[in-house]
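The following paragraphs lead a new reader through a protein structure, one region at a time. Please keep the sequence and the structure at hand while reading.

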Amino acid sequence: MPFPASHPALDRALSERGYDEPTAVQSAVLEAEEGRDLLVSAQTGSGKTVAFGLALATTLLGEAERFEDNAAPQALIIAPTRELALQVSKELEWLYARAGARIATCVGGMDPRAERRVLERGAGIVVGTPGRLKDHVERGGLDLSQIKAVVLDEADEMLDMGFAEDLTFILDAAPAERRTLLFSATIAREIAQLAKTYQRDALRIDTTSKTVAHGDIAYKAIRVAPHEIEHGVVNVLRWFESPGALVFANTRERVKHLTASLRERGFQVVGLSGELTQSLRSEALQALRDGHARVCVATDVAARGLDLPDLGLVIHAEIPVNKATLLHRSGRTGRAGKKGTSVLMVSHTRRRKVELMLRSANIEAEWSGPPSADEIRAKDQERMLTDPVLTAPADEDSLEMGRKLLERSSPEQVAAALIRLYREKLPPPEDVQDDARMARAMATGRNERGQAEGPLVDFARGGDMSWFRINVGREKNADPKWLLPLICRLGHLTKRDVGSIKIFDRETKFEITAEAEAKFRAAIAKGGDPDVTIQDAVAPAPGEKSLRKWDKPAGDRPDKPFRKPRAEGDAPKKPWTPRPPAAAAAAPAGDKPKWVKRSKDDPTPAGKKPWVEKPQGEKKPWAGKPGAKPFRPKADGKPFKGKPKRA
């Protein structure tokens, strides 16, 4: 499919860059009605920057070939991180180079005075992060009066990072008749509310696949013992030998530890976390782009907006918190048509969570043990024998040196030295084994105690579940601690078959998995308890509140403190009456409290003896009790205990 025409100035830039076929999001944006607001959701690395750059062309240029005036900004692009803003700025520079657009970048960590000088000289397009853009607007350095279009790139990330107030300020300061383009990986409730507030009749474009995962990313789940995860990361890095690899950790301290550990083993590695200054962060990213570093260890926040070249491997050293984080992490690889691999290091305590996460994301992952040291050494031999340096043509100087080496040493010795030099550059692999307990549980469907594992159910989503009601509520002191065993006993179930439990005044609603529903209905039809009735129910309404463990029944609660019920035979208790507030005793004015110690410099009050300093005599040493034996410490300084041993 040839690239569709967008604007003459931009078409030439696309052809020079080799853009022959548009991505799905680029095609959808170009097919949209001109001048209309857009609400777009697309996968990471799908060409969103070029997509909204093409969408802005008609709004900013119209029929003109070039920008007539760069005095005031006409387009504002807001990105969540410095790296993403700088990346967007570079993309727009080549895209709008023939159109004569000047682009200014305003991001945190840079000199604001230099940015203000650039804005004063004039820029047609401004790219920045929310905090720095708001600062320039408040100080009068950024004029938004001529803005024709605003783009929010990765809006979901900006809201997650707490930029909602800054975004609201910027959007309110821009002209109301502007065009607003909102790009987000997912359209959550907050994103939908933002679009409803600041967009007019927006066209919804969704290019994300609901049933098929990213086709250019291969997912692998590695079974590893909890104490061997670090060794597993080493072997995965050695097995794939990717030109660029990104290792994810959940905390800054974990990033520091992994970075130091990999560097000690001989890897060229840098660490990225939120505590780094902008200069150190820029140095680390430049080392990755130049090839001086091959591995980057980062947190989720620090890796946002990263677009590293030749990044073919992503390792989740610590499991992501949810499906969205998994997809965002993995989306750092497999970009622009390149293939990538996403590897999850899974311990037995996290296996069920990972299985559920992969299933909810419609991802088929290949499960296996970590690569062994012998397998890595065998693959090293294969790589060495097929290394292009052995088949590349040699120059005359190299051939002459080779002849001299062969005159002094045998060919076997030269080859052995070459192999030794090749191996010395590679970090040694670790001895790590497959988690046999996890592999056995996955093969048999039973845990380490031999118990059958229940169905894999995402209770948070509420899918494949049926609601029932039981005639026991908070009026009868209903509590999940004894309700769950009751439901399991009456329905012949295990606790894995029961989902949410919602307690109300006179009833309790609960969920049963679809796999156990037939067995549950057959069991309750027999009627095991005459005082308990279980029937079908509808799901609780969103506004319908249930009893939580910290709630107290409201409405019929008497205005008196809690008391235990009176046992039979106890004397009746007096009715509770509130205690009257104690009146604060007013201290006589002008009198000192009795507990205040009088100094020798204070005047002597009437009726008191003058202050006289008593002479301090020399204290006698303590002699102890009459007949007391002296203290005898042991040789090690501890007091002597017990009777001495007999000779």
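His-492 is found in the loop that runs between α21 (480-491) and β16 (498-503). The model shown here is a predicted one. In this model His-492 has a positive phi of about 55°, although it is not a glycine. In general, most residues other than glycine have a negative phi. Is His-492 buried or exposed, or does it lie in between? Its relative accessible area is 49%, so His-492 is classed as partly exposed.

A second residue with a positive phi is Asn-362, where the angle is near 55° and the residue is again not a glycine. Asn-362 belongs to the loop between α15 (351-360) and β14 (366-368). With a relative accessible area of 36%, Asn-362 is partly exposed. The positive phi of Asn-362 comes just after α15, and that helix is the next element to consider.

How many of the 10 residues of α15 are buried? The count is 7, and α15 is therefore largely enclosed by the rest of the structure. The buried residues are Arg-351, Val-354, Glu-355, Leu-356, Met-357, Leu-358 and Ser-360. Against which elements do the buried residues of α15 pack? Their partners are the helices α14 (323-330) and α20 (436-444), together with the strands β13 (340-346) and β14.

From α15 the reader may turn to Arg-223, a residue of strand β8 (residues 217-223). Arg-223 has a relative accessible area of 12%, and because buried means under 20%, Arg-223 counts as buried. Its side chain is joined to the side chain of Asp-434 by a polar contact of 2.9 Å. Which other residues does Arg-223 touch, leaving out those up to four places away in sequence? Among them are Val-346, Trp-367, Ser-368, Gly-369 and Pro-370. Arg-223 also touches Gln-433, Asp-435, Met-438, Ala-439 and Met-442, in addition to Asp-434 itself.

The aromatic residues offer another way into the structure. The count of aromatic pairs comes to 5. In one of them, the rings of Phe-52 and Phe-183 have their centres 5.4 Å apart and their planes at 65°, so this pair is edge-to-face. The pair links distant parts of the chain, since Phe-52 lies in helix α3 (residues 48-55) and Phe-183 in strand β6 (residues 179-184), 131 residues apart. Both Phe-52 and Phe-183 are buried.

Phe-468 and Phe-520 form another aromatic pair that is edge-to-face, with 4.9 Å from centre to centre and 70° between the planes. Phe-468 is part of strand β15 (residues 465-470), whereas Phe-520 is part of helix α22 (residues 514-525), so the pair ties together parts of the chain that are 52 residues apart in sequence. Phe-468 is buried, at 0% relative accessibility, and Phe-520 is likewise buried at 0%. Ring pairs also bring in Phe-510, which forms a cluster with Phe-468 and Phe-520.

Aromatic rings also meet charged side chains in this model. Lys-134 lies over the face of Phe-169, at 5.4 Å from the ring centre. Lys-379 lies over the face of Trp-239, and here the distance to the ring centre is 4.0 Å.

The cysteines come next. In general, a disulfide is a covalent bond between the sulfur atoms of two cysteines. How many disulfides does the structure hold? The number is 0. Two of the cysteines can be described individually: Cys-106 is buried, with a relative accessible area of 0%, and Cys-296 is also buried, with a relative accessible area of 0%.

The last stop is Ala-195, which is found in helix α10 (residues 189-198). Ala-195 has a relative accessible area of 8%, and this value makes it buried. Which residues are in contact with Ala-195, leaving aside its neighbours within four places in sequence? They are Leu-39 and Leu-182. The C-alpha atoms of Ala-195 and Asp-37 are separated by 9.5 Å, although the two residues are 158 residues apart along the chain.

Methods:
Residues numbered from 1 in each chain as written. Predicted model: local features only at pLDDT ≥ 70, side-chain atom pairs only at ≥ 80, totals over all residues. Heavy atoms only, no water. Helix = DSSP H or I, 4+ residues; strand = E, 2+ residues; numbered from the N terminus. Buried < 20%, exposed > 50% of the residue type's maximum accessible area, 1.4 Å probe, protein only. Contact = heavy atoms within 4.5 Å. Disulfide = S-S within 2.5 Å. Phe/Tyr/Trp six-rings, centres within 6.5 Å; stacked < 30°, edge-to-face > 60°. Lys NZ or Arg CZ within 6 Å of the ring centre and 35° of its normal. Polar contact = N/O pair within 3.5 Å; in protein donor to acceptor, adjacent residues only side chain to side chain.
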